[in-house]
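Biologist: I am new to this structure and would like to learn how to read it. Could you take me through some of its features, one by one?

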Amino acid sequence: MPVSGLVPRAVEDAADVVVRNAKIFTGDVRRPQAGALALRDGLITVVGDDADVAPVVGPSTTVVDALGRRVVPGLNDSHLHVIRGGLNYVLELRWDGVTSLRQALAMLREQAARTPKGQWVRVVGGWSSEQFAERRLPTPAELNEAAPDTPVFVLHLYQSAILNRAALKAVGCTRSTPDPSGGQIVRGRNGEPNGMLLAAPSALILYSTLAKAPALEGEERKTSTRHFLRELNRFGLTSAIDAAGGFQSFPENYGTVTELARDGHLSLRIAYHLFPQTPGQELDDLTRWVETVRPGDGDAWLRLNGAGENLTWAAADFENFAEPRPELAAYEGEFEKAVRLLMEHGWGFRLHATYDETIRRDLAVFEKLAAEGLFPAGSRWLFDHAETVSRDSLDRIAALGGSLSVQNRLSFQGEMFTRRYGLGAAAEAPPIRAMLERGLTVAAGTDATRVSSYNPWVALHWLVSGRTVGGLAVRPPQNRVDRETALAMYTTAGAALTGEQDVKGVLRPGCYGDLAVLSDDYFTVPEPEIPHIESLLTVVGGRIVHAAAEYEGMDEELPAVSPGWSPVAHFGGYHNGRRARTGAVGAGARQAELLGQVVAESELYRQWRVGRGLATEHHQPFDPCFLL
C-alpha cells in the first residue's frame with residue numbers, strides 16, 4: 001500500500017513487512033504502546049513510530065497502513081482441537097453465531113439438498129440452544145422434514161445428539177440396539193429409536209456415532225485443514241496448543257499437519273499433545289512415545305509439547321453438566337505409573353479435570369512423587385478446565401509448580417451448570433481471579449470444536465463480562481478480569497505453556513512476527529461488541545495469512561474448498577450476523593437485521609400456536625381503528 005512520507009530506499013536490512021499508522025498494544029511492559037513496527041525474516045526488528053520504521057522501508061517492503069486501527073499480538077488458543085477440527089472442517093455445517101433456530105434449520109435444509117448420496121449433513125459443536133431466539137433444540141421431526149433422505153447428525157454440547165431417520169438407518173441404530181455404557185438411546189412408545197442420543201454422562205455414545213460418518217482422504221484433508229487454519233487466522237489466531245482428544249490417533253491423524261508443515265503451508269503455529277486412545281493400553285502407548293520423541297521436537301511451526309489431555313482413561317471425569325458429577329472408580333495405581341514414566345523421561349503433560357474431586361486425587365499422586373524427588377522434575381504440567389477447583393487445590397498446584405488452562409465452556413453450558421449447581425457455584429466456575437492472585441500461569445482457550453466455538457473473541461468476552469452466549473450473567477465482577485488481563489491470558493500465558501514466552505505473545509524486537517490488525521478496538525469497543533471483533537489482517541512469521549476489507553487480496557492464495565458441495569463453500573465458517581467480514585455494519589442496518597429476525601420469529605410462533613389450536617389461522621384485528 002503506497003503511503004506518503006515513507007520513501008523506499010535501497011538498504012541491506014530492508015523489512016519484509018512494515019505496519020504503520022497503528023495503535024499497537026505490544027504486551028511488552030517496557031514499551032506497551034507503539035505506532036509502527038517492522039518485520040524481517042519472520043521476526044520483529046523495529047517497534048516504535050513511523051519515523052523509526054522509515055529507514056528500513058525498501059523497494060520490496062510491503063507497507064501496511066493500519067488506518068489508526070488497533071493492532072495486538074497474535075492470539076494463542078491454549079486448548080484447541082485444531083488437528084481433529086482441520087480434518088473435518090469442510091464437512092461440517094457451522095451454527096456458530098447463528099441467532100435463530102429458524103435460520104439454522106434453513107441452512108440445514110439447503111445443505112441437505114446439495115449433499116450427494118452417501119454423505120451426511122453434520123453440525124458438530126460451536127453452538128448452544130441458548131443462543132437461539134427460540135431457546136430450544138431442533139427436534140428429530142424437524143430434521144426429518146428438512147432432510148428426509150440425507151443423514152443428519154446434530155451434536156449439542158457434551159449432552160446429546162439429534163439424528164434424523166436417515167442417519168439412524170446409516171449407523172444401524174434399531175429397536176434391538178442396546179444402550180451403550182454411559183449413554184442412552186431415547187425410544188418412542190413403540191420401542192424404536194426416536195433420534196435422540198443422550199450422554200449419561202459419557203459423551204462416548206455421541207462421538208462413536210459421529211465416527212461412523214464418511215471421512216475425507218488424501219489431498220482433501222490438507223485442503224480442509226488449510227481452510228480451517230485460515231478461518232482461525234480470520235479471528236487473529238496465530239498459534240494454538242492442540243490438546244489431542246478422543247478419536248485422534250498418533251501418528252495417523254497427525255500426518256496432515258506434518259505434511260503441511262513440511263511444505264510450508266501451515267498458517268498457524270501448532271504445539272501438540274499425545275493422548276493414549278485405547279483403555280488398558282495407555283502405559284504401552286506412553287512407553288513407546290517417550291522412547292521415540294521428546295517434547296520440544298519440531299520447530300516454530302509444529303512441535304511436540306507433551307502428553308495429555310488424558311494419561312489414563314479411568315482418571316478422566318466428564319463435563320456434561322446435564323448429568324450429576326460422575327463418581328470415578330479407583331484409578332490412582334495406573335495413573336501414578338503413567339506420571340512416573342513421563343517424569344523419568346522429561347515429558348510434561350496436561351490433564352483434563354473438570355471437578356475439584358478429581359483434581360484433589362491427582363494432586364495426591366503428584367505430591368507422593370514429589371516426596372520422592374520425582375515431580376515435577378523440571379517438566380511443564382497443567383490442569384485443563386478446572387471449573388470447580390478449590391482454593392486449597394490451587395495452593396497445592398502452585399506449590400508443585402503447575403499451571404492452568406481455562407476455557408469458556410460455560411459460555412455454552414452456563415445455564416445448564418447454574419440449573420444443576422446454583423448461581424453461587426456458577427459464580428466461581430472457574431475461580432479465575434483466585435488463580436491469578438496466587439501467581440499461577442493461567443492461559444485461556446476455547447476447547448473447540450465439538451462443543452465451544454473456535455472464535456477467540458467469544459471466549460475473551462466471557463472472561464471480561466462473565467456472560468454466556470445466551471446473555472446470562474454467570475460470573476460476578478469479582479471473578480472477572482479486565483481486558484488487558486484477558487488478552488494476556490490469550491497471548492503471553494499460552495506462550496508460557498509451551499516454553500516460548502521469550503519469543504511469542506509480545507511485539508518486541510527479536511520476537512515472532514505474529515500480529516493482528518483488528519476490525520474494532522478491543523480496548524474501547526462496547527463490551528457486547530467484543531464477540532464480533534475480527535482481524536482484518538493477520539500476520540504469522542512475517543507472512544500475511546489473512547486479509548479482508550482494505551487489505552483484501554494481500555494474503556496467500558488457498559486452493560478452492562473441496563468437495564464442492566461442502567457447507568463451508570456455501571456458508572463459510574463462523575456466522576458473524578452483526579458484522580460483515582469486511583468491516584462494521586452500521587447501526588441502522590444492524591437494527592433492521594434484528595427487527596427482521598424478530599418479525600420472522602413472531603410469525604413462526606404464531607404458526608406454532610395455530611398448529612396447537614391456541615389461535616385461529618385468520619384472526620380479526622382487535623383495534624377498531626383498523627376497521628375504518
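Biologist: Let me start with a pairing: in S13, which residue is the bridge partner of Ala-161?

Modeller: Happy to help, and please keep in mind that this is a predicted model. The partner of Ala-161 in S13 is Leu-197. That bridge belongs to the pairing of strand S11 (residues 160-163) with strand S13 (residues 193-199), which is antiparallel and has three bridges.

Biologist: Which sheet do these strands belong to, and in what order do its strands stand?

Modeller: Read a sheet from one edge to the other. Here five strands give the order S9-S10-S11-S13-S12, in an open sheet with mixed pairing. At the edges are strand S9 (121-124) and strand S12 (183-187), each of which pairs on one side only. On average, neighbouring strands of this sheet are turned by 15 degrees against each other, ignoring direction.

Biologist: What is the strand order in the sheet that contains S1 and S4?

Modeller: That open sheet has four strands in the order S5-S4-S1-S6, again with mixed pairing. Strand S5 (43-48) and strand S6 (62-65) each have a single partner strand, so one side of each has no neighbour in the sheet. From one strand to the next, the twist averages 15 degrees. Inside the sheet, strand S1 (residues 17-20) and strand S4 (residues 36-40) run antiparallel and are joined by three bridges. Val-17, for instance, has Leu-39 as its bridge partner in S4.

Biologist: Now to helices: at what angle do H11 and H12 pack?

Modeller: For a helix pair, look at the angle and then at the distance between the axes. Helix H11 (residues 356-371) and helix H12 (residues 391-399) pack at about 30 degrees, and their axes are 10 Å apart. Angles under 35 degrees count as roughly parallel, and therefore H11 and H12 are roughly parallel to each other. The crossing of H11 past H12 is left-handed. H11 contributes Asp-356, Ile-359, Arg-360, Leu-363, Ala-364 and Glu-367 to the contact, while H12 contributes Ser-393, Arg-396 and Ile-397. Sorted by class, the contact has four nonpolar, one polar and four charged residues.

Biologist: And is Gly-245 buried or exposed?

Modeller: For a single residue, check its accessible area, then its surroundings. Gly-245 has a relative accessible area of 3%, so this residue is buried. Gly-245 sits in the loop between strand S14 (237-242) and helix H8 (255-262). Leaving out residues up to four places away in sequence, Gly-245 touches His-81, Arg-84, Phe-275 and Gln-277.

Definitions and conventions:
Residues are numbered from 1 along each chain as its sequence is written. This is a predicted model: local features need pLDDT of at least 70, side-chain atom pairs count only at pLDDT 80 or more; totals for chains, interfaces and linings use all residues. Side-chain values use heavy atoms; hydrogens and water are left out. Axes are lines fitted to C-alpha atoms, for helices over the stretch in contact, and angles run from 0 to 180 degrees between N-to-C directions. Helices (H or I, at least four residues) and strands (E, at least two) are DSSP runs, numbered from the N terminus. Angles under 35 degrees count as roughly parallel, over 145 as roughly antiparallel, 65 to 115 as roughly perpendicular and the rest as oblique. A crossing is left-handed if the near helix is turned anticlockwise from the far one by less than a right angle, and right-handed if clockwise. Contact means heavy atoms within 4.5 Å. Ala, Val, Leu, Ile, Met, Phe, Trp, Tyr, Cys and Pro count as nonpolar, Asp, Glu, Lys and Arg as charged, and the others, Gly among them, as polar. Two strands pair if DSSP finds at least two bridges between them. Buried means under 20% relative accessible area, exposed over 50%, partly exposed in between (1.4 Å probe, protein chains only).
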